[in-house]
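Here are my comments for your review. Please read them with the structure open.

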Amino acid sequence: MAKVKYYYDSDTLSYRKIKLRKRDKLKRSVIFFLASVLSGALIVFVMYHFVESPKQKILKRELANMNLHYDLLNKKMEQAQEVLSGIQSRDNDIYRTYFEANPIPDELRKAGFGGINRYKSLEGFDNSEMIIAASKQLDILSKQLYIQSKSLDDIIELAVDKEKLLSAIPAIQPVSKADLTRMASGYGWRLDPFTKARKMHKGMDFTSPKGTPIYATGNGKVIRADNSASGFGRHIRIDHGFGYITLYAHLSKYNVRKGKKVKRGDLIGYVGSTGRSQAPHLHYEVHYNGRAVNPINFYYGDLSPEEFQEMLKTASQEGQSYD
Ligand SMILES: [Zn+2]
């Protein structure tokens, strides 16, 4: 390493070796060593901070790639969520309504997961937030799908029963249109024909001559045919199943007895004016799950849209009922 250096001696006119003293030699070595270490450190520092290694470059690219994929994944999940929301509202508004099942409340459909922190193992990383958010969204999506698929299972079961339901549910007028004098009073607050006080009229009154045939409005079983209910006179109740009961009051004569199974359109009795009645008429009620509901919604079997409009107009007029 140490080169031999010469100098020109003008006295002897010859080149002579430069002799370094030991101390100088040591000093030079130390300086050289320090300079090497320093420049080495500088190179490492620069490389480390400003120049990426091929491995770093690969990792960085992978990370960017992963971020992009998470973004895409989130977008896809959002789309799936939108599609699912559409199915959910169709399920609630159409399928479940059509089959008379209660809609699934939003709180239940969109319920999250309580209790333990399911995402603890994902915490503490640079990208934890992103990964946890995506995992959460996926979990919620899965749960909603599960609830939705259970709901569709219900619907399938209901669809199997649908035919039975369709033939059981009250769907025609209890008095033939040809025999009907008029639909005289609807469901709602009406004047009581006897006391003249306002009273809830829980059915519809069809005025017809005494002896006009009355028909069962849906398949079912006669659960009452007697005159021991106050005010109704001779009356019939039919249990149609699925929560539906119909009531026919003020009859002059029965054509069925308690316990008889009837089909829609079967003749069950005749119009009269027994019980609390002002004139010959049929008082008709529809009960669903123990509550009287407006019968006007249960004639879709035999009313045209125009006839329905006409009936709706008459039925909504507040006047006196025939009771
Ligand atoms: Zn009435």
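**Notes on the zinc site and a pocket**

1. At 3% relative accessibility, His283 is buried, because the cut-off for that class is under 20%. Bear in mind throughout that this is a predicted model.

2. His283 is also a ligand. It binds the zinc ion through ND1. The other protein donors are His201, through NE2, and Asp205, through OD. These donors lie 1.9 to 2.1 Å from the zinc ion.

3. Check the donor spacing against the sequence. Along the chain it reads H-x3-D-x77-H. His201 sits in strand E5 (residues 198-201) and His283 in strand E13 (residues 281-288), so this pair ties together parts 82 residues apart in sequence.

4. Is His201 buried or exposed? His201 counts as buried, because its relative accessibility is 2%.

5. Next, the second largest pocket. Its space comes to about 210 Å³. Strands E5 and E13 are the elements that each give two or more residues to the lining. Which of the elements gives the most? E5 does, with three residues.

6. Two of the zinc donors recur here: His201 and His283 are among the residues lining the second largest pocket. The lining also includes Lys199, Met200, Lys202, Phe232, His250, Arg276, Glu285 and Asp323. Ser230 and Gly231 are part of the lining too.

7. For anyone setting up charges, look at the make-up of that lining. By class, the second largest pocket is lined by five charged, five polar and two nonpolar residues.

Methods:
Residues numbered from 1 in each chain as written. Predicted model: local features only at pLDDT ≥ 70, side-chain atom pairs only at ≥ 80, totals over all residues. Heavy atoms only, no water. Donors = N, O, S within 2.8 Å, 3.2 Å for Na, K, Ca; no water. Helix = DSSP H or I, 4+ residues; strand = E, 2+ residues; numbered from the N terminus. Buried < 20%, exposed > 50% of the residue type's maximum accessible area, 1.4 Å probe, protein only. 1 Å grid on protein atoms, 1.4 Å probe; cavity = no way out; pocket = protein on both sides within 12 Å on 5 of 7 lines; lining within 4 Å. Points joined across faces, edges and corners; volume = space filled by probe spheres on them. Nonpolar A, V, L, I, M, F, W, Y, C, P; charged D, E, K, R; others polar.
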